[in-house]
Structure formats: C-alpha cells, structure tokens
Amino acid sequence: MSDVCGSLSRSRAAVRRLCSRAAAEAHHDVIRPAFPPLQSFSEEESMMRDAVKKFAQERIAPFVSKMDEDSVMDADVISALFEQGLMGIEIGAEYGGTGSSFFSSILVIEELAKVDPSVSVLCDIQNTLINTLLMNLGTEEQKQLYLPRLASDTVGSFCLSESESGSDAFSLKTKAEKHKDYYSINGSKMWISNAEHAGVFLVMANAEPAAGYRGITCFIVDRDTDGLHIGRKENKLGLRASSTCPLTFDSMKVHEKNILGKVGHGYKYAIGMLNGGRIGIAAQMLGLAQGCFDHTVPYTRQRMQFGKRIFDFQGMQHQIAHVATQLEAARLLTYNAARLKEAGRSFIKEACMAKYFSAEVAALTASKCIEWMGGVGFTKDYPIEKYYRDCKIGTIYEGTTNIQLSTMAKMIDQEYDG
Amino acid sequence: MHRSSEVKHVASYLNTRGCECFGQPCESHCPVLTDRTIHVQLKTFIKIRVKPDRTGVVTDGVKHSMNPFCEIAVEEAIKLKEKKLVKEVVAVSCGPQQVQETIRTALAMGADRGIHVEVSGKDYETLGPLQVSKIFAALAKKEQADLIILGKQAIDDDCNQTGQMTAALLDWPQGTFASEMTLEADKLKVVREVDGGLETIKIKLPAVVTADLRLNTPRYATLPNIMKAKKKKIANVKPADLGVDVCSRLEVLKVDEPPQRQAGVKVETVDDLVGKLKEAGRV
C-alpha cells in the first residue's frame with residue numbers, strides 16, 4: 001500500500017536525519033536516545049495504570065470468582081467502573097469524560113484484564129467501540145445527549161453479528177424500512193456483549209437492501225425503545241460474567257435523527273472502528289495472559305519437589321522463559337499498534353497482528369500455566385482454570401484469527417505492488 | 001497570629017521513603033528502628049535487602065509510593081475541604097525528583113497545589129524526622145497554615161516523630177494517632193487511639209494532627225481527577241530557601257538482617273522440657 005511505503009520511507013528519512021544529528025552530537029559527547037523504548041509511558045499514563053491496578057485489585061478481584069460462577073456481572077463493579085472514570089476515557093471533559101488518550105484506554109483494558117477479562121471487555125467495548133463511534137460520527141446534539149450518559153452511568157452495546165452473519169458481517173439481514181421521519185427495523189442480532197446491562201445499542205441494519213452492503217446504516221437505539229427485545233444470555237465456556245445475548249427487533253421504530261453518520265455508510269464505520277477495537281482486544285488478551293502468568297510463577301517458586309523448587313528444573317525454566325518471551329512480543333505488538341494509531345499513521349496490519357498474536361499467546365500462556373500448577377491448576381479453587389476458559393474467545397470475536405490472517409495477507413500483497 | 005474562624009489552609013506532609021507495599025496498608029513488614037540497629041522483616045513477595053556495606057537497605061529500583069498513613073492524612077484534608085471547613089489543601093513532600101509523582105497522586109485525590117522540597121543524594125539518605133519537621137515548621141510559617149495533617153508514622157522507618165517534632169518547633173498543640181477529628185469553630189476535637197482505649201482532646205488552632213489507620217478510608221484517584229491534577233501547580237523549594245540545615249545529627253552505625261531462625265529441639269517428656277527451659281535460662 002502506498003500509505004505504508006510512504007510512511008516507511010518517511011521514517012527512514014527521519015532516522016537518517018537523526019543519525020546524522022546524532023553523529024554530530026556524539027562529537028560533542030551528547031548522548032540522547034533517538035526513540036524511547038515502547039514500554040515508555042507519559043506520567044499521566046503511568047498514574048492511570050497504577051490507579052487502575054490498585055482499583056482492580058481492591059474493588060474487582062474479590063468478586064471475580066462469584067461473577068464467573070453465577071455468570072453475572074456485579075452491579076457494584078459496573079458502577080465502580082463509572083465512578084473511576086474508566087468508561088469514558090477518551091470522552092472529553094466537556095461531556096463529563098476523562099479526557100485522556102487511546103493509549104490510556106489500552107493500558108486500562110490491559111490492567112483490568114489481569115484481574116478479570118470479563119470486566120475488561122465491558123470497558124473495552126464501551127471505550128473503543130461505542131464511545132469512539134459517537135465521538136467521531138455524532139452530531140453535536142447526539143454527542144450532548146449520549147456522551148455524558150456513556151461517561152457516567154450508561155453501558156453501550158454494539159450490534160452487528162447475526163445468526164447467519166458472523167465473519168461475513170455485511171450479509172446481515174436486519175432491515176430498516178423508511179417511513180417519513182422514522183425507520184421500522186425488523187430482524188435479530190446474536191452474540192451481543194454487554195446486552196444485559198446496556199442502556200444504549202448501536203444497531204447495524206440495512207436501510208437499502210438493493211444496494212447490498214452499501215445500505216448498512218448505524219442506528220442509535222435506547223433500551224426502552226418499543227419493539228426491542230433482549231433475549232436470554234448465552235451459557236458460555238468463558239467470559240461468563242460478560243453478558244452475551246440475542247436481540248430481536250419487532251417493527252422497532254427509530255427516529256431518523258438517531259442515525260449515526262450517514263445512511264448506507266455503516267459498513268465503513270464498522271470496519272474503521274473495529275480496526276481500533278482490535279487493539280483493545282489485543283490488550284485484553286495480553287492482560288489475561290500476564291495476569292495468569294503472574295499468579296503462576298510465584299507458585300512455581302514455592303512448590304518443592306525432589307528437594308528443590310519446581311522453578312529450578314531446567315524443563316520448567318525453558319518453558320517459563322519461552323512464554324515470557326511470547327508475552328513480551330505480544331506487549332510490544334499491542335503497544336506499537338496503539339502508538340501508531342495515536343500518531344495518525346497506518347496501523348491496520350499492525351492491529352491485526354497484535355490481536356491475532358495476543359490471542360494466541362493468551363491461549364498458550366493459560367494452557368502452560370495450568371500444567372505448571374499441576375493438579376491445583378485443574379481445580380476451581382485456583383484462578384488459573386478461569387483464565388484458560390476465558391482466553392479461547394480471543395481467537396474468535398472481533399474478527400476471527402482466520403480473518404485477521406487474511407486481512408494481513410491482503411495488505412502484504414498490496415505492499416509489494418510497488 | 002491572626003486567624004479567622006474559617007481555617008485558611010491545610011498542609012499534608014507526604015512521606016515517600018522506600019515503601020515497597022504498592023500503597024497497600026502493611027502492618028509489619030518494613031524496617032523498625034531500635035537502638036541503632038535496624039531489624040528488617042521479610043515480606044513474602046517483596047524482599048528487602050540490606051546493602052552490602054551495611055549502611056542501610058537497598059532502595060534503588062524499589063518502587064516508592066505514598067505512605068499509607070499519609071494517604072489517610074490527605075483524605076482527611078480533602079474531606080474537610082469538601083465540607084467547606086477549609087479553603088485550600090496543599091500537599092508537601094521532601095525528597096528527590098520521584099516524589100513529584102506522589103505529590104501528583106495527592107493532587108489527583110483532590111489537593112489544590114503541591115510543594116516539592118528538593119532533597120537528594122546523600123542529604124536524602126540521611127534525611128530524618130528532625131530535619132523534616134524543621135522544613136515543615138518553616139513552610140507552615142511561610143504559607144500561614146492553620147492545620148497540618150501528617151501520617152502518624154512512615155512505614156519504612158516507623159519513626160513516629162515528625163508530627164510531634166513539628167508541633168514542638170512551632171509551639172502548636174498536637175493531636176496524634178487521630179482516629180476521628182472534628183473542626184468546631186477555631187478548636188479541633190481529636191479522638192486519639194491510645195494504649196488504654198480512646199482519648200478525646202480539644203486543641204486550639206493552629207495545630208498538628210497525625211492520622212491513624214481508622215481515621216478514614218482514602219479514596220482512589222479517579223482517572224478524570226488524574227487528568228485534572230496535571231493542571232495543578234507544584235512549586236519547587238530548597239531547604240536552604242527555608243533556612244533549614246538538613247545535616248543529620250544521627251549516624252547509622254550498622255544495619256543487619258534479623259538473626260536466622262534457629263531449629264527447635266524436640267523433647268520426650270515434660271521433665272525434659274522443664275530441664276531444657278532451665279538450661280536456657282528461661283525458667
């Protein structure tokens with residue numbers, strides 16, 4: 001892609017300039033790092049991460065096990081997330097949000113996932129999908145109406161998938177029929193996260209089926225809208241505290257002023273937003289893997305067999321070091337994709353790589369951690385088996401691994417077009 | 001000193017020395033000063049190590065955070081401001097560049113501005129309660145503070161001296177180990193936790209209060225408040241500017257780890273037990 005090549009040559013030129021400057025400066029014994037390492041954070045980002053780490057340990061950790069078993073997100077946990085400003089991270093202070101950056105959201109999602117990936121996904125969807133769409137596409141009126149609510153007490157849900165359209169998202173069948181100044185929406189959605197608690201739904205429906213995917217339109221739908229039915233949540237393997245429900249739209253009336261952006265442009269918005277959302281999921285999987293790892297290594301340092309710590313056996317050491325390396329690589333991919341997005345540079349391929357890789361690393365880490373814990377890893381008395389169950393969704397939602405790989409391949413192909 | 005019935009501002013002294021407990025209240029894991037030797041108690045997941053030259057403990061690379069009792073002090077000050085009993089809360093910390101982060105945390109909790117008293121290097125290593133209270137007394141006069149709230153003690157050195165010394169230097173009354181404090185006009189009612197139970201005293205302002213564990217539960221710095229804190233000012237000051245000499249009057253002779261636990265001895269009969277106890281001089 002010319003964009004990629006352009007940015008590549010621009011950065012090469014930048015490095016050349018810096019190198020010659022560096023050479024000149026070396027002459028005067030000035031040592032200045034040309035680029036800071038990826039694990040560098042602004043003071044604000046560090047403070048946020050530390051605050052969330054502490055908050056997650058004290059206000060979320062005690063509830064994790066019960067939420068998983070009952071498959072219910074504790075209402076106090078959700079309100080605590082709002083209180084802490086975690087649900088409106090990028091929303092401007094003028095709308096009652098936190099007014100911080102995308103990278104801060106990524107750090108928050110990662111920290112939350114170390115404690116509970118279900119809570120993390122609730123926060124991720126709110127920030128990277130719902131808030132982003134409204135901030136980028138909303139009219140001033142829509143922003144005034146919804147952003148303060150999203151920042152203070154209203155959970156949002158994004159509704160794209162249907163029973164017959166997952167990866168093939170744009171073949172969705174939900175229709176929106178225009179009548180004067182409103183649309184009548186009929187159809188259904190599946191696998192909608194946060195649906196149990198959501199106060200507002202962003203529904204993708206086709207307003208011009210004859211135009212194929214170019215008719216897909218994004219509607220903002222309040223929970224109390226007539227004709228909106230929220231089905232029973234799925235009984236899932238993992239991420240059980242996160243509600244995943246089917247929705248049905250029965251001649252649901254939505255006023256045309258509730259259209260987000262332009263009619264027929266919904267597909268573009270979905271793709272655009274999911275590119276960023278991908279990095280959020282990468283952060284979630286990363287946090288999951290790290291949290292699992294952090295629970296396990298101390299155990300291996302305490303557990304004694306054959307007169308020494310199980311950590312001291314070379315077989316264990318090699319495995320642990322290997323997983324730690326994968327974790328580091330996943331972290332760097334995720335952070336770099338986030339920084340690229342913030343810098344306004346092309347980031348789609350990198351975002352796909354981050355999501356794909358982090359999900360794989362999460363699965364590897366969780367699996368290995370159970371092995372390293374031995375028998376106790378297999379029981380519910382220890383938190384490890386939950387991470388193992390939670391990680392599997394990473395390769396499936398917000399773009400399956402196969403879709404990520406195909407997208408990457410397409411971009412690689414274009415890079416060599418010259 | 002003239003003061004109005006409304007307290008002008010409250011200063012909170014923050015200690016950021018070597019707490020390795022990530023802000024969690026920890027009851028018994030940090031160095032305790034006894035007769036010039038420091039007994040270091042090891043925590044299960046954070047190892048405190050004595051420096052090879054035995055002049056102190058290793059603090060390089062150890063994460064420092066706000067002293068838990070100081071968090072409680074900051075919280076109390078902010079609560080007073082929220083009740084509109086106090087006009088301004090100033091957070092103060094003495095130390096090297098890193099303490100700015102701690103001051104920012106206090107700002108994020110709701111303090112209005114910060115003062116960073118720069119002390120670094122060798123001066124910082126030997127900085128103790130006496131020098132700090134001198135700095136603090138000087139600042140209190142300069143800022144015309146009406147109330148100073150500190151944590152009762154730092155959990156790395158457990159000195160429990162700064163509050164008391166500051167009050168003495170200023171010739172102000174003190175309410176230490178406060179588990180409750182109420183502002184009544186220009187007097188402060190303080191409930192103190194003492195060995196015999198609870199003692200209630202009434203002291204006149206200006207005064208010094210030191211916060212004990214049960215005074216309150218500190219709030220989290222919410223993300224929006226962290227963002228707001230960026231705009232709040234932190235002034236830089238040197239001890240010399242306040243006319244304070246930070247030279248230490250104490251010299252640490254030696255720092256040792258606690259003696260290794262000795263193995264126990266098993267005995268067969270009660271007579272054996274009594275015999276052994278007598279041998280060891282315990283009976």
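Tutor: Let's begin with a term: a salt bridge is a side-chain nitrogen of Lys or Arg within 4 Å of a carboxyl oxygen of Asp or Glu. Keep in mind that this is a predicted model.

Student: Thanks! Then how many salt bridges does the rule find across the interface of domain 2 of chain A and domain 3 of chain A?

Tutor: The rule finds zero salt bridges across that interface. Let's place the two parts first: chain A is divided into domain 1 (43–155), domain 2 (158–266) and domain 3 (267–416). The C-alpha centres of domain 2 and domain 3 of chain A lie 30 Å apart.

Student: How many residues of domain 2 of chain A are in contact with domain 3 of chain A?

Tutor: On the domain 2 side there are 18 residues, in contact with 15 residues of domain 3 of chain A. To read an interface, look at the area as well as the contacts. Between these two domains of chain A about 1,300 Å² is buried, with carbon and sulfur atoms giving 67% of it. In domain 2 of chain A, the residues that lose the most area to domain 3 are Leu237(A), Leu239(A) and His265(A), together 39% of what that side buries.

Student: What is the count of residue pairs in polar contact between domain 2 and domain 3 of chain A?

Tutor: The count there is 10 residue pairs. The side of domain 2 of chain A that touches domain 3 has nine nonpolar, six polar and three charged residues.

Student: Now let's go from domains to chains. What area do chain B and chain A bury between them?

Tutor: They bury about 1,500 Å², and 62% of it is on carbon and sulfur atoms. Three residues, Tyr220(B), Leu223(B) and Met227(B), supply 45% of the area that chain B buries against chain A, more than any other three. As for contacts, 16 residues of chain B meet 21 residues of chain A.

Student: And how many salt bridges are counted between chain B and chain A?

Tutor: The count is three. In one salt bridge, the side chains of Lys230(B) and Glu44(A) meet, with N to O at 2.2 Å. The elements giving two or more residues to this side of chain B are helix 2 (99–109) and helix 6 (223–229) of chain B. That side of chain B has seven nonpolar, four polar and five charged residues.

Student: How many salt bridges does a search of the whole structure find over all chains?

Tutor: It finds 36. When you read one, ask where its partners sit along the chain. Take Asp112(B) and Lys81(B), whose closest N and O atoms are 2.6 Å apart. Asp112(B) is in the loop between helix 2 and strand 5 (113–118) of chain B, while Lys81(B) is in helix 1 (residues 68–82) of chain B, so the pair ties together parts 31 residues apart in sequence.

Student: How many residues apart in sequence are the parts that Glu118(B) and Lys238(B) tie together?

Tutor: First, the salt bridge itself: the closest N and O atoms of Glu118(B) and Lys238(B) are 3.5 Å apart. Glu118(B) lies in strand 5 of chain B and Lys238(B) in the loop between strand 11 (234–237) and helix 7 (270–279) of chain B, so this pair links parts that are 120 residues apart in sequence. Glu118(B) is partly exposed, at 30% relative accessible area, and Lys238(B) is partly exposed too, at 45%.

There is also a network: salt bridges that share partners join Asp68(A), Lys380(A), Glu385(A) and Arg389(A).

Student: Within that network, is Glu385(A) buried or exposed?

Tutor: Glu385(A) is buried, with a relative accessible area of 11%. Arg389(A) is buried as well, at 12%. Their closest N and O atoms are 2.8 Å apart. The two are four residues apart in helix 11 (residues 384–391) of chain A, which means about one helical turn separates them.

Student: Last topic: how do I read backbone angles?

Tutor: Most residues other than glycine have a negative phi, and most peptide bonds are trans. Now look at Asp158(B): its phi is near 55°, a positive value. Asp158(B) sits in the loop between strand 6 (147–151) and helix 5 (162–170) of chain B. Phe177(B) also has a positive phi, near 55°, and lies in strand 7 (residues 174–184) of chain B.

Student: Is the peptide bond from Leu205(B) to Pro206(B) cis or trans?

Tutor: That bond is cis, with omega near -5°. Pro206(B) is found in the loop between strand 9 (197–204) and strand 10 (207–211) of chain B.

Definitions and conventions. Residues numbered from 1 in each chain as written. Chains lettered and ligands numbered in written order. Predicted model: local features only at pLDDT ≥ 70, side-chain atom pairs only at ≥ 80, totals over all residues. Heavy atoms only, no water. Contact = heavy atoms within 4.5 Å. Buried area = accessible area lost by both parts, 1.4 Å probe. Nonpolar A, V, L, I, M, F, W, Y, C, P; charged D, E, K, R; others polar. Buried < 20%, exposed > 50% of the residue type's maximum accessible area, 1.4 Å probe, protein only. Domains from an automatic or database assignment. Polar contact = N/O pair within 3.5 Å; in protein donor to acceptor, adjacent residues only side chain to side chain.
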